[in-house]
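Subject: Structure handover

Hello,

Here is the structure I said I would pass on. Please look it over before reading the notes underneath.

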Amino acid sequence: MTTYKTEFQHSIERPESFWAEQARRIPWFTPPSTILQYDEQQHARWFVDGELNICHAALDHHVEEGRGEQPAVFWDSPVTDSKRTLTYREMRDEVARVAGALRRLGVEKGDRVVIYMPMVPEALMAMYACARLGAVHSVVFGGFAPHELAVRIDDAKPKVVVAASCGIEVERVIPYKPILDDAIAQSEHQPDACVILQRERQPATLGPRDHDWAALVAEAEPADCVPVKGSDPLYVLYTSGTTGKPKGVVRDTGGYAVALHYSMEAIYDVAPGEVFFSASDVGWVVGHSYIVYAPLLRGCTTVVYEGKPVKTPDAGAFWRLISEYRVKSFFTAPTAFRAIKKEDPDAKLLEQYDISCLKALFLAGERLDPPTFHWLDDLLDVPVIDHWWQTETGWPIAANLHGLEPMPTKAGSATVPVPGFDVQILDREGERAHAMEQGSVVIKQPLPPGCLTGIWGDPQRFHSAYMAAFPGYYLTGDGGYFDEDGYLFIMGRTDDVINVAGHRLSTGEMEEVVGAHPAVAECAVIGIHDALKGQVPVGLVIPKDGFEGDEVALEQELIDKVRQQIGPVACFKQVLVVNRLPKTRSGKILRKLLRNIADGKEYGVPSTIDDPASLEDVHEAMKERDVGAAHEARQV
Ligand code: COA
Ligand code: AMP
């Protein structure tokens with residue numbers, strides 16, 4: 001661990017010197033003279049006086065350096081039976097025109113643009129076009145319903161929304177334009193214009209404020225890169241918190257560029273000219289960092305895949321992509337491999353492909369369960385690397401530093417803290433836990449470059465959600481421990497956030513929707529284990545006194561309501577009408593206890609991905625043990 005240890009120590013003991021060195025790897029217009037500064041609340045701000053443009057650093061710079069004819073993007077879309085390669089030069093020119101088109105619609109530095117698009121190259125172009133103008137993009141994942149889109153539109157107040165006419169889920173066409181129209185009808189804030197990418201599978205009818213992407217871009221004057229400060233916002237990405245209102249994570253420009261570039265070398269070990277494939281979606285942080293920005297900052301080629309790990313056309317899709325595009329480093333969520341393993345348990349489909357180009361497999365987004373780890377580890381000749389991070393940090397907090405000093409892996413562990421992240425485990429009193437002792441996983445201030453700099457429009461929430469619990473530390477919301485070798489084990493969230501198929505969701509938000517139904521007196525939503533998706537939500541509902549309707553019909557109504565309000569991504573498909581819920585004496589629902597029931601920590605409900613808890617298990621545990629009564633008694 002000597003190289004790692006030296007680098008890690010440097011990053012923690014002399015962060016300014018460490019990050020000043022890394023910052024030299026990025027093409028600034030004006031290099032920063034101030035490396036680290038603290039704001040009035042003592043939060044770190046990196047490279048505040050440096051000037052750059054991330055679109056310039058990721059596209060123009062590489063063209064200027066002679067990389068113009070190298071592919072920047074391989075787009076592969078089995079759902080539309082299409083493929084497309086875009087060189088760095090083509091991407092730069094196209095992005096400059098899209099930026100010009102947005103400028104014609106009034107978008108300038110600091111304005112927000114909401115992007116609601118599937119996995120098409122135009123989604124990357126729209127993001128880079130915003131960056132080119134110094135505008136702030138906010139990408140919303142396609143699986144969210146109109147209401148969720150409306151909440152984000154009202155919070156970000158975009159001047160323009162960029163969307164596609166439709167998305168394609170395996171064989172199903174999802175019309176995005178009616179979702180957008182519905183969202184705008186629900187939102188108070190009204191964007192000036194919408195730009196719609198018309199897709200052949202289902203073009204949309206355009207209204208008075210809509211512009212056709214192709215026509216608008218064809219007429220546009222290319223726009224140059226607008227210099228921005230290192231600390232200027234690049235994007236706002238909404239993520240689930242413990243309450244119904246999503247948090248708009250604000251990412252700066254300079255710190256993010258420096259951190260991503262460093263990670264491509266130290267963690268993912270990819271060099272300019274090599275191919276990096278992250279199978280996520282532009283709507284999530286993994287998509288922002290490792291589909292859109294990091295690969296191109298590093299001069300690599302990024303694979304943009306519009307399809308699923310299975311059924312497009314089969315469970316060999318990832319193997320084909322790795323082989324066809326000569327992918328060196330591949331990144332996805334464990335749930336994707338659970339889906340593949342289910343369809344092709346002996347990995348017969350892998351035999352059809354030469355994946356000798358692959359040098360490492362990275363997994364994140366949820367805990368890498370040991371059965372999936374072992375299946376992959378036995379199957380592949382390359383390191384299978386679990387690494388841990390979150391929307392807020394923008395890049396990995398703990399990983400096996402494959403590019404710096406590879407270490408032996410341990411099932412269930414994300415290996416060690418990444419340089420820059422002073423990860424500690426604290427007990428309830430804020431004391432440092434010993435090895436093997438579980439506690440809250442926190443990061444000592446300052447957070448390194450690349451991490452969130454605030455919550456959009458809500459500085460108070462930034463402080464209360466992350467910084468208030470343990471002064472001087474950032475609260476990750478995860479629980480875990482270090483083992484005797486300094487390996488970090490992340491055991492799951494300590495709050496009401498759940499992780500469904502690698503997608504982060506708030507049970508609090510679902511409770512707000514369920515609780516608003518006129519027949520519901522009280523409710524709780526918890527995550528229970530699921531063999532494929534890791535966790536799925538389950539609603540526990542007490543109807544109002546005198547409710548005489550059909551319980552099954554009520555359950556279905558609640559399922560439909562969550563799907564309509566939050567969207568299919570919530571995977572809210574199970575509701576249980578119960579007589580009572582466990583409560584404190586003051587009447588608060590004991591959510592932690594419910595979580596423990598679902599996790600099998602109480603009352604013997606099965607708990608692993610191999611042996612998931614079912615709705616019946618939860619019901620039995622609640623009914624037979626009369627959980628409510630038992631715990632009320634315990635409080636007395
Ligand atoms: N637009 C519209 N609808 C979408 C969507 C999108 N972009 N993405 C998902 N949905 C819909 C799905 O069609 C599904 O709808 P349904 O309830 O009508 O079937 C629902 O949202 C749930 O989607 P998902 O949880 O993704 O389930 P799935 O069965 O479609 O796929 C996996 C399961 C595991 C194959 C898939 O989630 C996956 O590949 N995940 C891993 C990669 C990943 O994206 N990780 C994120 C962070 S790294
Ligand atoms: P998101 O913000 O959507 O990326 O989700 C972040 C959350 O996912 C983290 O706080 C963890 O709870 C979970 N997570 C992500 N990666 C891992 C991992 N490698 N191991 C365990 N949990 C993870």
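The notes below cover the domains, then the interface, then the two ligands.

Please keep in mind that this is a predicted model.

Domains

The protein chain is split into two domains: domain 1 takes in residues 86-226, and domain 2 takes in residues 497-635. Measuring from C-alpha centre to C-alpha centre in the model, domain 1 and domain 2 are 36 Å apart.

Interface between the domains

How many residues of domain 1 are in contact with domain 2? Eight residues of domain 1 are, and they meet eight residues of domain 2. The area that domain 1 and domain 2 bury between them is about 590 Å², and carbon and sulfur atoms account for 53% of that area. The rule for salt bridges finds zero across this interface. For polar contacts, the count between domain 1 and domain 2 is two residue pairs.

Which element gives the most to the side of domain 1 that touches domain 2? That is helix α6, residues 146-156, which supplies three residues. Sorted by class, this side of domain 1 has four nonpolar residues, two polar ones and two charged ones.

Ligand 1

There are 24 residues around ligand 1, and those that come nearest are Glu169, Lys308, Lys533, Arg563 and Lys573. Some individual atom pairs can be listed as well:

- Gly142 has a backbone N or O atom 3.4 Å from a nitrogen atom of ligand 1.
- Arg172 has a polar side-chain atom 3.0 Å from an oxygen atom of ligand 1.
- Tyr176 has a polar side-chain atom 3.3 Å from a nitrogen atom of ligand 1.

Ligand 2

Around ligand 2 there are 15 residues. Which of them come nearest? They are Asp386, His387, Thr391, Asp478 and Arg504. Thr391 also appears among the atom pairs, with a polar side-chain atom 2.5 Å from an oxygen atom of ligand 2. In Arg493, a polar side-chain atom is 2.8 Å from an oxygen atom of ligand 2. For Gln390, the distance from a side-chain N or O atom to an oxygen atom of ligand 2 is 2.9 Å.

Regards

Definitions and conventions:
Residues are numbered from 1 along each chain as its sequence is written. Chains are lettered from A and ligands numbered from 1 in the order in which they are written. This is a predicted model: local features need pLDDT of at least 70, side-chain atom pairs count only at pLDDT 80 or more; totals for chains, interfaces and linings use all residues. Side-chain values use heavy atoms; hydrogens and water are left out. Domain bounds come from an automatic or database domain assignment. Contact means heavy atoms within 4.5 Å. Buried area is the accessible area (1.4 Å probe) that two parts lose on being put together, summed over both. A salt bridge is a side-chain nitrogen of Lys or Arg within 4 Å of a carboxyl oxygen of Asp or Glu. A polar contact is a pair of N or O atoms within 3.5 Å; within protein, one must be able to donate a hydrogen and the other to accept it, and residues adjacent in sequence count only if both atoms are side-chain atoms. Helices (H or I, at least four residues) and strands (E, at least two) are DSSP runs, numbered from the N terminus. Ala, Val, Leu, Ile, Met, Phe, Trp, Tyr, Cys and Pro count as nonpolar, Asp, Glu, Lys and Arg as charged, and the others, Gly among them, as polar. A residue is near a molecule or strand if one of its heavy atoms lies within 4 Å of it.
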